[in-house]
Each structure stands twice: as C-alpha cells, then as structure tokens.
Amino acid sequence: MRVRVKICGITRREDVDAAARAGADAIGLVFYPPSPRCLSPAQARALRSALPPFVTAVALFVNPARADVERVLAEVHPDALQFHGEEDPAFCRQFGVPYLKACRVRQGSDLLKYFAPFADAQGWLADAYVEAYGGVGARFDWRLVPAVRDRPLILSGGLTIANVGEALRVVKPWGVDVSSGVEVAKGIKDATMIEAFIAEVNNAAV
C-alpha cells in the first residue's frame, strides 16, 4: 500500500510547488494564531489556488470559534478540516466538510477510547503531546498506537527523513503528516528535504 503524505504548515507558493512536484497528496494550511505558520484567509486562498489537480488542501485549527472556521470555508474552500484541540464531535461535524481529528499522544493515552466518539471523521491523526500545539518536532512512543483501528490513521509528530521509515514499519499508518521535519526555519520548507522525505516514505511503504 502506498502511504499518503501531507506537508503541513505551508506558508509560501514555492513550497506548494515543491510539495506537489515531490508527490505530496495534501498540504496543510494553519489557522492557529499562536503558530508561526499561521495564515490569514487571504494568504491561504492564494496558496490554495496554486494547487495542481489531485493535491488537496487541509485547514488546521486548534479550538477555533465556529465563525473562524466558517470564514475559512467561505474564503479558502479547503478540501478538509483538521482539528487539533479539545473540539467535541458535534463541533467537528457541524460544517458538513470531511474532517480529521488529532489526539496528542503521551504515556497512558488510550487512542481508541479517545477517537471512538469521532467515528465519522475521515481519519484519525496521532501526534505527540506537547504544551504548545504541533510543529515543534517532538515525537512519541509509536508502540502506543493500536494495530487495529476503525478509521484511517495518520501519523504525525517529530517525523524526519531519518526516522519515517522506521515509523512506517512500526505503525503501518494510512498516511503521515510532516511539518518541522522538512523545514529550514519555522514555516519555511526545503524542497530537497520534502523530496527526500517522500522518497523515504515510498521506499518504506508496503
């Protein structure tokens, strides 16, 4: 099976192009104000419009107000939403758009129990628990991810060119989500690193 790849925290047109050329399946557009990768709807719309066919745009939020999500939907038209905070299932599904729900994993986490209320999610995303939300390069113990799950599982958190092959062998996810692992600075991706990361994913996929 080919493992899907999302390059998250895109902030520049050249990084959209690099991700698409390298074979990424999706890009992530961040709408979480404390993040250095946060975009305005206008910035995100410009990046969204630069996507070629068959590469999707995912809008990432952390505990947003309903109005903020609705504005992004109206102005950016993402293909899917990604919720990284404490959003409940009713909040996530109210927009009528496919969504991913993230769980920040730490020792003692019961992922299946956490994800059970989000049975209608397009996919479940396992990320590392950190005090700040996402994009800091932290990883978690991949053995905490259950082998049997009811929805496609996306692995995130501290993935790099050096470790993504091992991660795929341990977790066997549907897809991977990388941000800081292909950056030279926060929000600034490196085309060579993106290409090498996706090559590692493709080489390790089974």
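How many bridges join strand S1 (residues 4–7) to S8? In this predicted model, 4 bridges link S1 to S8, and the two strands run parallel. Within this pairing, Arg4 stands opposite Gly175 of S8.

The pairing of S1 with S8 belongs to a wider arrangement. A closed barrel of 8 strands follows the order S1-S2-S3-S4-S5-S6-S7-S8, and the pairing is parallel. From one strand to the next, the twist averages 25 degrees. In general terms, the strands of a sheet pair through backbone hydrogen bonds, and such pairing may be either parallel or antiparallel. The individual strands of the barrel are described below, beginning with S8.

Strand S8 comprises residues 175–178, and both of its faces are covered. Gly175 and Asp177 are buried on one side, while Val176 and Val178 are buried on the other. Besides its pairing with S1, S8 is joined by 3 bridges to strand S7 (residues 153–156), and these strands also run parallel. Here Ile154 has Gly175 of S8 as its bridge partner. Gly175 thus appears in both pairings, opposite Arg4 and as the partner of Ile154. Strand S7, helix H6 (residues 164–171) and S8 together form a β-α-β unit, and this unit is right-handed.

The loop between H6 and S8 contains Lys172. Although Lys172 is not a glycine, its phi is positive, at about 55 degrees. Is this residue, Lys172, buried or exposed? Lys172 has a relative accessible area of 56% and is therefore exposed, since the term applies to values over 50%.

A second group of features surrounds strand S3, which covers residues 56–61. Of its 6 residues, 5 are buried, and S3 is accordingly described as mostly covered. Strand S2 (residues 26–30) pairs with S3 in the parallel sense over 5 bridges, and Val30 has Leu60 in S3 as its bridge partner. The chain passes from S2 through H2 to S3 in a right-handed β-α-β crossover. S3 is also joined to strand S4 (residues 80–83) by 4 bridges, again with the strands parallel. In that pairing, Phe61 stands opposite Phe83 of S4. The path from S3 to S4 leads through helix H3 (residues 66–76), and this β-α-β crossover is likewise right-handed.

Two loop residues flank this strand in the description of the chain. The loop between helix H2 (41–49) and strand S3 holds Pro53. Pro53 counts as exposed because its relative accessibility is 65%. The C-alpha atoms of Pro53 and Ser180 are separated by 25 Å, and the two residues lie 127 residues apart along the chain. Asn63 is located in the loop between S3 and H3. Asn63 is not a glycine, yet it has a positive phi of about 50 degrees. With a relative accessible area of 39%, Asn63 is partly exposed, because this value falls between the limits of 20% and 50%.

Strand S5 (residues 99–105) and strand S6 (residues 123–128) pair over 6 bridges in the parallel sense. One such contact has Leu125 in S6 as the bridge partner of Ala102. Gly123 is also part of strand S6. Why does Gly123 count as buried? The relative accessibility of Gly123 is 1%, and the residue is therefore buried, since the limit for that class is under 20%. Gly123 and Pro89 are 34 residues apart along the chain, and their C-alpha atoms are separated by 13 Å.

The internal space of the model was also examined. Rolling a probe the size of a water molecule over the atoms shows where empty space is left. The structure holds 1 cavity of 30 Å³ or more, and the space in the largest cavity amounts to about 30 Å³. The residues that line the largest cavity are Leu111, Leu112, Phe115, Trp124, Val145, Pro146, Arg149 and Leu153. Helix H5 (residues 111–115) supplies the largest share of this lining, with 3 residues. By class, 7 of the lining residues are nonpolar and 1 is charged, while none is polar.

Note on methods. Residues are numbered from 1 along each chain as its sequence is written. This is a predicted model: local features need pLDDT of at least 70, side-chain atom pairs count only at pLDDT 80 or more; totals for chains, interfaces and linings use all residues. Side-chain values use heavy atoms; hydrogens and water are left out. Buried means under 20% relative accessible area, exposed over 50%, partly exposed in between (1.4 Å probe, protein chains only). Two strands pair if DSSP finds at least two bridges between them. A crossover is right-handed if, with the strands pointing away from the viewer, the path from the first strand over the helix to the second runs clockwise. On a 1 Å grid over the protein atoms alone, a cavity is a set of points where a 1.4 Å probe fits but cannot get out, and a pocket is an open set with protein on both sides within 12 Å along at least five of seven lines; lining residues have an atom within 4 Å of a point. Grid points are joined across faces, edges and corners, and a volume is the space filled by probe spheres set on the points. Ala, Val, Leu, Ile, Met, Phe, Trp, Tyr, Cys and Pro count as nonpolar, Asp, Glu, Lys and Arg as charged, and the others, Gly among them, as polar. Axes are lines fitted to C-alpha atoms, for helices over the stretch in contact, and angles run from 0 to 180 degrees between N-to-C directions.
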